[in-house]
Amino acid sequence: MQLSATTVSLTVDDVAASRDFFVTHFGYQVTVEADGFASLSHEGAAVDLVLLTRGTEVLPPDQRDQHAAGLILAFTVTGLEAEEKRLRAEGAPITLPLREEPWGERLFQTRDPNGVVVQLVEWVTPAEGAPGAEE
């Protein structure tokens, strides 16, 4: 199998609110849009996003009323502190403050207006003796 793209489809209550959040704060562009639907792409290496209104009949019945919960949309970036500062200045809620895990992951989280968790990650060399550190 040869994959040519990756897309995450999220069911949300307010497609326009999520669309605006990802366009404003993460540089996504709307590629296709209709009532209750938006397809977003990014010129970088980011995953494409499809936003669907919860309850839409396009989805199978057992998926229609599910909400994008329990999902973390993680973006690997460089300059994590600058990104956190920029998002704060733009009014995006920082729901998990910047922190560093012992295995070398630095991260913080924000949420879109529909509760979709977006985590920004930057990888560093873990401290010697930490889980994930080379021995």
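**Entry 1. Salt bridges**

I looked up the pair E90 and R86 in this predicted model and found that the two side chains form a salt bridge, with the closest N and O atoms 3.0 Å apart. I then checked the exposure of each partner. E90 is partly exposed, at a relative accessible area of 37%, and R86 is likewise partly exposed, at 27%.

Next I examined D20 and R19. These residues form a salt bridge whose closest N and O atoms lie 2.9 Å apart. Is R19 buried or exposed? I noted a relative accessibility of 19% for R19, which therefore counts as buried, the limit being under 20%. D20 is partly exposed, with a relative accessible area of 38%.

I turned to E100 and R106, whose side chains meet in a salt bridge at 3.6 Å, N to O. Which residues are joined with this pair into one network? I recorded E81, E100, R106 and E122, linked by salt bridges that share partners. Within this network, R106 counts as buried, at 12% relative accessibility, whereas E100 is partly exposed, at 48%.

I closed this entry with the count: a search of the whole structure gives 10 salt bridges.

**Entry 2. Charge**

I tallied the charged side chains and recorded 9 positive and 22 negative ones in the chain. The centres of the two sets lie 6 Å apart.

**Entry 3. Nonpolar core**

In soluble globular proteins, nonpolar side chains tend to be buried together. I therefore looked up the largest nonpolar core here and found that it has 24 residues. Which residues have the most contacts inside this core? I listed F22, F26, Y28, F75 and L120.

I then asked which elements each supply at least two residues of the core. The two helices α1 (15-26) and α2 (80-89) do so, as do the strands β1 (7-12), β3 (37-41), β4 (48-53), β5 (72-76) and β8 (117-123). The largest share, 4 residues, comes from α1.

I followed F75 through its contacts, leaving aside residues up to four places away in sequence. F75 touches F22, F26 and Y28. F75 also touches V47, and further along the chain V118, Q119, L120 and V121.

**Entry 4. S18**

I looked up S18 and placed this residue in helix α1. How accessible is S18? I recorded 0% relative accessibility, so S18 counts as buried. What does S18 touch beyond residues up to four places away in sequence? I noted contacts with V12, L51, D112 and N114.

**Entry 5. The chain as a whole**

I listed the secondary structure last. The chain has 2 helices and 8 strands, and from the N terminus on the elements run β-α-β-β-β-β-α-β-β-β.

I recorded a box of roughly 50 × 40 × 25 Å for the C-alpha atoms, taken along the principal axes. Of the 135 residues, 39% count as buried. The accessible surface comes to about 8000 Å², and carbon and sulfur atoms hold 50% of that area.

I also looked up how contacts are spread along the sequence. Among contacts with a separation of 6 or more, 49% join residues 24 or more positions apart.

Conventions: Residues numbered from 1 in each chain as written. Predicted model: local features only at pLDDT ≥ 70, side-chain atom pairs only at ≥ 80, totals over all residues. Heavy atoms only, no water. Salt bridge = Lys/Arg side-chain N within 4 Å of Asp/Glu carboxyl O. Buried < 20%, exposed > 50% of the residue type's maximum accessible area, 1.4 Å probe, protein only. Core = buried A, V, L, I, M, F, W, Y, C linked by side-chain atoms within 4.5 Å. Contact = heavy atoms within 4.5 Å. Areas by Shrake-Rupley, 256 points an atom, 1.4 Å probe, with all protein chains shown as cover. Lys, Arg positive; Asp, Glu negative; His and termini not counted. Charge placed at Lys NZ, Arg CZ, Asp CG, Glu CD.
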